Amino acid sequence: MLEMAAASDSDPFGDLPDELLWRVLSFLSVEDALQTCVLNTRWRDLWRRLTSLLFVFNGPTFPRYNRFKQLVKLVICLRGDSPLIRCEIDACPDDEPENTFTNTRLLIDYALACKAEELVVRAAHIQYALPVFDVPLSLISQHLKTLHLEGVNLNHSALKFSGCLVLEDLRIQLCNIRACEISSMSLKRLCIADYCSLPDIVRLRICAPGLISLQLEDFEGLTPFLENMPLLETAHVNLEDGCHDHCRSNQGVCDNIVCGCHAYPVKEGVLLNGLSNAAKLDLIALPKMFLYRWDLKWCPVFGKLKTLLLNEWFTTVDLVCILRHSPVLEILTLQLDNTENIVGATGAQETITQSFLCERLKFVYIECEKVDEGVRSILSILSTCGILREQISIKEDPRLDSDYSSADSDSSDSD
């Protein structure tokens, strides 16, 4: 179509408003959008004022270094300092020296100089076993609201976003994080997911007092330490095989000083104190992960918690502790693929014999393979807490393969 328009004296899109053409151009890669400049002066001006730049390449279309360098220089030269809303960049390595990204860094600086509100930097398409692109630490912007990093190195002593005064959304995927701290006073939403590598000697500390949403899952290393988050509304935490917070010998505390069981802090918890202000909480883990159980020894109070999802990491004692310290809990979902550890007596320093009522608890959803001793123990606890049998829904499925998603429990909130 572009070739036909360029060869003709008339513009087949001439009657369309600028706003619609900008919308169409925003879906094109920079390389494709740039070609519209040959049509006429109107298209050249449209492209210069485009507020979304996609330096996105897939597979065979990924440019060689010289072509990428040429494209970057051409864009910067033709656009000047025209404001940007969104810029998405697939990192392209230099030919020499190896593992350098001169033009990718130039693009990042250019996007911030053009007041971009959303910046995506991705190196996931580069064929290396580990991330090799180091994102520059000096991200300074008065306009950046959303930052998405994928497949890159964050090899800094600390990731302090004090230079990004309005940053609200930070998403980190497939990244190698070697920082000891992530801090931002303005951050509202944080996601660390998709096989990120975290420090395994010193815990990453997350300081984001304005955070309202947290997603933490699919990482390898020690679980991050969460500082106080007074505005937190929702959190999803999943401690899977990559998490190092378990005892390799299954002893709880072993003689191996480099084992994860020796990394737990002596004077404070790790996760639950930081999550205690959430109204909606998913706490998921493999049973061997001790972190939640050890955190419960500090008896955190979940004073705003209304919706809670747990899987089978807890014992009956832990469940009592959670219920006792969640005074406004309304919906409880338990996804129980295996109940062998639930009847155990380790965990929080509470006793099941101390009676109390869960006056606000309206619905309990239990998903299990079958009603066994563990499930019956839970039902006994709920009965002691004043929960009637008609408030409890049990779904038995021998083929149960829990994905530990809270989507079902969301849809069942009929309050």
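Q: Let's start with charged side chains. Which residue forms a salt bridge with Glu 168, and how far apart are the closest N and O atoms?

A: Keep in mind that this is a predicted model. For a salt bridge, you look for a Lys or Arg nitrogen within 4 Å of a carboxyl oxygen of Asp or Glu. Here Lys 188 is the partner of Glu 168, with 3.7 Å between the closest N and O atoms.

Q: Where in the chain do Lys 188 and Glu 168 lie?

A: Both sit in loops: Lys 188 between strand 9 (181–183) and strand 10 (189–193), Glu 168 between strand 6 (159–160) and strand 7 (169–173). They are 20 residues apart in sequence, so the salt bridge ties those parts together.

Q: Why do Lys 188 and Glu 168 count as partly exposed?

A: Look at relative accessible area: under 20% is buried, over 50% is exposed, and partly exposed is in between. Lys 188 comes out at 33% and Glu 168 at 25%, so each gets the middle label.

Q: How many salt bridges turn up across the whole structure?

A: A full search gives 13. One of them joins the side chains of Glu 88 and Arg 86, at 2.9 Å from N to O. In that pair, Glu 88 is buried at 10% relative accessible area, while Arg 86 is partly exposed at 24%.

Q: What about Asp 90 and Arg 122: which strands are they in, and are they buried or exposed?

A: Their side chains form a salt bridge too, with 2.7 Å from N to O. Asp 90 belongs to strand 2 (residues 86–90) and Arg 122 to strand 3 (residues 118–122), so the bridge links distant parts of the chain, 32 residues apart. Asp 90 and Arg 122 are both buried.

Q: Which residues do shared salt-bridge partners join into one network?

A: When bridges share partners, follow them from residue to residue. That brings together Arg 86, Glu 88, Asp 90, Glu 118, Arg 122 and Glu 150.

Q: Now for empty space. How many cavities of 30 Å³ or more does the structure hold?

A: There are 2 of them. With a cavity, check the volume, then see who lines it. The largest has about 60 Å³ of space, and its lining includes Val 135, Pro 136, His 156, Lys 160 and Phe 161. By class, that lining has 8 nonpolar, 1 polar and 1 charged residues.

Q: What lines the second largest cavity?

A: This one holds about 30 Å³. Its lining is made up of Leu 272, Leu 281, Leu 283, Leu 296, Phe 302, Leu 305, Leu 308 and Ile 322. In class terms, that is 8 nonpolar residues, with no polar and no charged ones.

Q: Which residues touch the most other members of the largest nonpolar core?

A: For a core, find its best-connected members. The largest one has 119 residues, and Phe 55, Leu 275 and Leu 332 touch the most other members. Take Leu 332: setting aside neighbours within four places in sequence, its contacts include Leu 308, Leu 310, Phe 363, Tyr 365 and Leu 382. Leu 308 also appears in the lining of the second largest cavity.

Q: Finally, the big picture: how many helices and strands are there in the protein chain?

A: Count 11 helices and 21 strands. Of the 415 residues in the chain, 51% count as buried. Among contacts with a separation of 6 or more, 62% come from residues 24 or more positions apart.

Notes. Residues numbered from 1 in each chain as written. Predicted model: local features only at pLDDT ≥ 70, side-chain atom pairs only at ≥ 80, totals over all residues. Heavy atoms only, no water. Buried < 20%, exposed > 50% of the residue type's maximum accessible area, 1.4 Å probe, protein only. Helix = DSSP H or I, 4+ residues; strand = E, 2+ residues; numbered from the N terminus. 1 Å grid on protein atoms, 1.4 Å probe; cavity = no way out; pocket = protein on both sides within 12 Å on 5 of 7 lines; lining within 4 Å. Points joined across faces, edges and corners; volume = space filled by probe spheres on them. Nonpolar A, V, L, I, M, F, W, Y, C, P; charged D, E, K, R; others polar. Core = buried A, V, L, I, M, F, W, Y, C linked by side-chain atoms within 4.5 Å. Contact = heavy atoms within 4.5 Å.
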